Amino acid sequence: MAKLVFIRHGQSEWNLSNQFTGWVDVNLSEEGVRQAQNAGALLKKEGILFDQAYTSVLTRAIKTLHYALEGSDQLWVPEMKSWRLNERHYGALQGQNKAEAAEKWGDEQVHIWRRSYDTLPPLLDASDEGSAANDRRYAHLDPKAIPGGENLKVTLERVIPFWEDEIAPKLIDGQNIIVAAHGNSLRALTKYIENISDEDIMDVEMATGEPVVYDLDENLNVVSKKKLN
């Protein structure tokens, strides 16, 4: 039986300042580092031995993975980074303070942008200096693949091909996998593997720095789920 572990990155500097982050590459806060290190200690105590690690191409998730692996004495484990595990792209909201955005557009509208399954935020134009189209880490992508904004539905559509092509085959082979990523990319994967409805997934939260451990059978059905804290 394979084990699958999800870890949402520790608190970031923009989590701390209450800003929409998305694809903007910000660092972990001091608290975020502590959370990631604690995740490693929890994994070590649990005794899970990993065969493969995955993360996004964003610093806060990469560092969380490294702290978690180091804390569990497994920093050597092979890892793969993919843009498909990036956080949901918040479009033109990225960089804005969430409270100030609510004052500008109204609490209800911002709540819809944040929590609706299939409503897109205001889109960021590819010509904007903050667009990911200007970031070298995405230079290999078809420009059409670089979003101007995403909802959870679009994030799911982005993440699932990576799950099916890369992660699932290793789990079927019995390997233990750790994925350190982001609140929404992990919620998308959670929705998929647990078959959660569009409505119910909006109430699912991923706590920062707290590993979630799945036991999966050979058909990738969830046998058990446990949160380490």
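Author: Contact means heavy atoms within 4.5 Å. Helix 6 (residues 152–172) lies across strand 1, strand 2, strand 3, strand 4 (177–181) and strand 5 (212–216). This is a predicted model: local features need pLDDT of at least 70, side-chain atom pairs pLDDT 80 or more, while totals for chains, interfaces and linings use all residues. Residues count from 1 along each chain as its sequence is written, and side-chain values use heavy atoms, without hydrogens and water.

Reader: What makes 152–172 a helix?

Author: Residues 152–172 form helix 6, a DSSP run of H or I with at least four residues; strands are E runs of at least two, and both are numbered from the N terminus.

Reader: How does helix 6 run relative to strand 2?

Author: The angle is about 160 degrees, on a scale from 0 to 180 degrees between N-to-C directions of axes fitted to C-alpha atoms, for helices over the stretch in contact.

Reader: Which residues does UniProt list for "active site"?

Author: The unreviewed entry lists His-9 and Glu-87. Such annotations may be inferred rather than shown by experiment. The two residues are spread over 79 residues of sequence, yet they cluster in space, with a largest C-alpha distance of 10.3 Å.

Reader: Why does His-9 count as buried?

Author: Its relative accessibility is 2%. Buried means under 20%, exposed over 50%, partly exposed in between (1.4 Å probe, protein chains only), so His-9 qualifies. His-9 sits in the loop between strand 1 (2–8) and helix 1 (13–16). Leaving out residues up to four places away in sequence, its contacts include Asn-15, Arg-60, Thr-64 and His-182.

Reader: What makes Glu-87 buried?

Author: Glu-87 has 8% relative accessibility, so it also counts as buried. The loop holding Glu-87 joins strand 3 (79–81) to helix 4 (98–105). Among its contacts, again beyond four places in sequence, are Trp-23, Arg-60, Glu-150, Arg-158 and His-182.

Reader: How do you know that strand 2 and strand 3 pair?

Author: DSSP must find at least two bridges between two strands. Strand 2 (residues 52–55) and strand 3 have 3 bridges, and they run parallel. In one of them, Thr-55 has Lys-81 of strand 3 as its partner.

Reader: What is the strand order of the sheet?

Author: The order is 3-2-4-1-5-6, in an open sheet of 6 strands with mixed pairing.

Reader: Why are strand 3 and strand 6 said to stand at the edges?

Author: Strand 3 and strand 6 (222–227) each have a single partner strand, so one side of each lacks a neighbour in the sheet. Neighbouring strands turn by 15 degrees against each other on average, direction ignored.
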